[in-house]
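Work through the exercises below with the sequence and the coordinates open. Each task is followed by a solution in steps.

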Amino acid sequence: NSEEPWRPFNRSRVYMADLESALHYSLRVEVAAHTVVKGEALISLKKYVAVLAKYFPGRPVVRNLLKSVDSWLQNQTRDEISYEAFKDILDNSAQSPDAALPEGVRWVGCQGSQPHLRRYPCGVWTLFHVLTVQAKNTRGTDPKEVLMAMRNYVHSFFGCRSCAEHFENMAMESLMEVDTFSSAVLWLWSRHNLVNNRLAGALSEDPNFPKIQWPSPEMCPACHAVKANGDHSWIQKEVLPFVLSYFSSSSILTDYLE
Ligand code: FAD
């Protein structure tokens with residue numbers, strides 16, 4: 001809530017508290033808007049949870065919970081599930097001691113200067129950058145797996161419907177070009193910058209967190225170059241290792257976890 005005290009944080013780091021908060025919000029709030037999950041939405045939910053179970057670089061208790069939700073979902077052979085049944089598994093109603101997803105949100109790197117700014121959408125971007133990097137590092141089999149899971153999750157569940165439409169258009173335009181794990185990481189980085197560019201100066205921008213073309217020259221001097229005509233250009237062979245290191249599991253800070 002808006003009464004919460006501000007949590008000091010490092011603006012150039014990723015926080016596990018934001019990733020867990022994004023999981024809580026997506027699985028307990030956004031998916032909960034569907035009393036019954038069926039058809040396309042059920043396929044989206046299964047793929048999303050499968051990708052989380054495989055690549056979420058979290059605490060063992062959270063990973064165990066994601067694995068148990070994943071195996072329960074994969075065992076559901078009917079075309080629909082009730083959110084109630086899903087919630088029982090999510091809340092570990094069987095009370096296995098080593099599996100849990102903390103209740104509630106605790107935003108840190110995604111805190112906003114107003115309650116309606118940043119938070120969950122910031123958490124979603126952060127989560128999927130982390131997952132594309134994790135898929136590359138653990139050598140999954142399908143380079144599009146994480147991005148397709150994100151595309152379908154956003155399409156079926158993301159509360160901001162105009163955002164979902166914009167994202168689907170970007171996916172239709174160019175997601176098929178992704179053919180390696182590195183290009184998947186860079187695809188999400190460059191689409192995120194397109195969104196930043198479109199939203200710079202909009203009402204949804206937090207004045208304390210202006211939309212920039214990321215990473216800034218201060219964060220990664222080697223990522224930027226100036227062409228002969230004066231235009232800016234990205235040095236992708238510098239951007240890739242920067243993004244990989246920024247979102248790698250070993251760089252994620254665990255401050256403020258319950
Ligand atoms: P965010 O853009 O949420 O970014 C979170 C963090 O990621 C930043 O603080 C930074 O550390 C890092 N980051 C920034 N850029 C990059 C990059 N290029 N690559 C890697 N990391 C980066 N809002 C709208 O008003 N209209 C829309 O159409 C819209 N579409 C959206 C589509 C999707 C799929 C999502 C997840 C969100 C969308 N949003 C949209 C919300 C918007 O993009 C921001 O998430 C929100 O305004 C909060 O912004 P923020 O300042 O927290 O930074």
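**Exercise 1: Two residues with positive phi**

Arg119 counts as buried, with 20 C-beta neighbours inside 10 Å. The model is a predicted one.

Task: Determine whether Gln95 is buried or exposed, and state in which loop Gln95 is found.

Solution.
1. Phi of Arg119 is near 55 degrees, a positive value in a residue other than glycine.
2. Phi of Gln95 is near 60 degrees, again a positive value in a residue other than glycine.
3. Gln95 belongs to the loop between α4 (83-90) and α5, and Arg119 is also found in the loop between α4 and α5.
4. A residue is exposed if 12 or fewer other C-beta atoms lie within 10 Å of its own. Gln95 has 8 such atoms, so Gln95 is exposed.
5. The cut-off for a buried residue is 20 or more. Arg119 has 20 neighbours and therefore counts as buried.

**Exercise 2: Pro97 and Val62**

Task: Classify Pro97 and Val62 as buried or exposed, and give one C-alpha separation for Pro97 and one for Val62.

Solution.
1. Pro97 is located in the loop between α4 and α5. Its count is 8 other C-beta atoms within 10 Å, so Pro97 is exposed.
2. From Pro97 to Leu199 the sequence separation is 102 residues, and the C-alpha atoms are 44 Å apart.
3. Val62 is part of helix α3 (residues 60-75). Val62 has 21 C-beta neighbours inside 10 Å and therefore counts as buried.
4. Val62 and Ala100 are 38 residues apart along the chain, while their C-alpha atoms are separated by 5.4 Å.
5. Leaving aside neighbours within four places in sequence, Val62 is in contact with Glu20 and Leu101.

**Exercise 3: Two helix pairs**

Task: Assign a class to the crossing of α2 with α6 and to that of α8 with α9, then describe the residues of each contact.

Solution.
1. The axes of helix α2 (residues 39-55) and helix α6 (residues 145-157) come within 8 Å and cross at roughly 140 degrees. Because of this angle, α2 is oblique to α6.
2. The crossing in which α2 passes α6 is left-handed.
3. On the α2 side the contact includes Glu40, Lys47 and Tyr55, and on the α6 side it includes Glu145, Asn152 and Phe157.
4. Sorted by class, the contact of α2 with α6 has 9 nonpolar, 4 polar and 3 charged residues.
5. For α8 and helix α9 (residues 236-246), the axes come within 10 Å and cross at roughly 90 degrees. With that angle, α8 is therefore roughly perpendicular to α9.
6. Ser182, Val185, Leu186 and Trp189 of α8 meet Gln236, Val239, Leu240, Val243 and Leu244 of α9.
7. The contact of α8 with α9 divides into 7 nonpolar, 2 polar and no charged residues.

**Exercise 4: The ligand shell and a cis bond**

Task: Describe the shell around the ligand, then locate the cis peptide bond at Trp214.

Solution.
1. The ligand is surrounded by 25 residues, of which Pro121, Cys122, Cys163, His192 and Trp214 are the closest.
2. At least two residues of this shell come from each of α5 (120-137), α7 (161-174) and α8 (181-199).
3. By class, the shell has 15 nonpolar, 8 polar and 2 charged residues.
4. Trp214, listed among the closest residues, is joined to Pro215 by a cis peptide bond with omega about -5 degrees.
5. Pro215 lies in the loop between α8 and β3 (224-226).

Conventions: Residues are numbered from 1 along each chain as its sequence is written. This is a predicted model: local features need pLDDT of at least 70, side-chain atom pairs count only at pLDDT 80 or more; totals for chains, interfaces and linings use all residues. A residue is near a molecule or strand if its C-beta atom, placed from the backbone, lies within 6 Å of it. Helices (H or I, at least four residues) and strands (E, at least two) are DSSP runs, numbered from the N terminus. Ala, Val, Leu, Ile, Met, Phe, Trp, Tyr, Cys and Pro count as nonpolar, Asp, Glu, Lys and Arg as charged, and the others, Gly among them, as polar. Axes are lines fitted to C-alpha atoms, for helices over the stretch in contact, and angles run from 0 to 180 degrees between N-to-C directions. Angles under 35 degrees count as roughly parallel, over 145 as roughly antiparallel, 65 to 115 as roughly perpendicular and the rest as oblique. A crossing is left-handed if the near helix is turned anticlockwise from the far one by less than a right angle, and right-handed if clockwise. Two residues are in contact if their C-beta atoms, placed from the backbone, lie within 7 Å.
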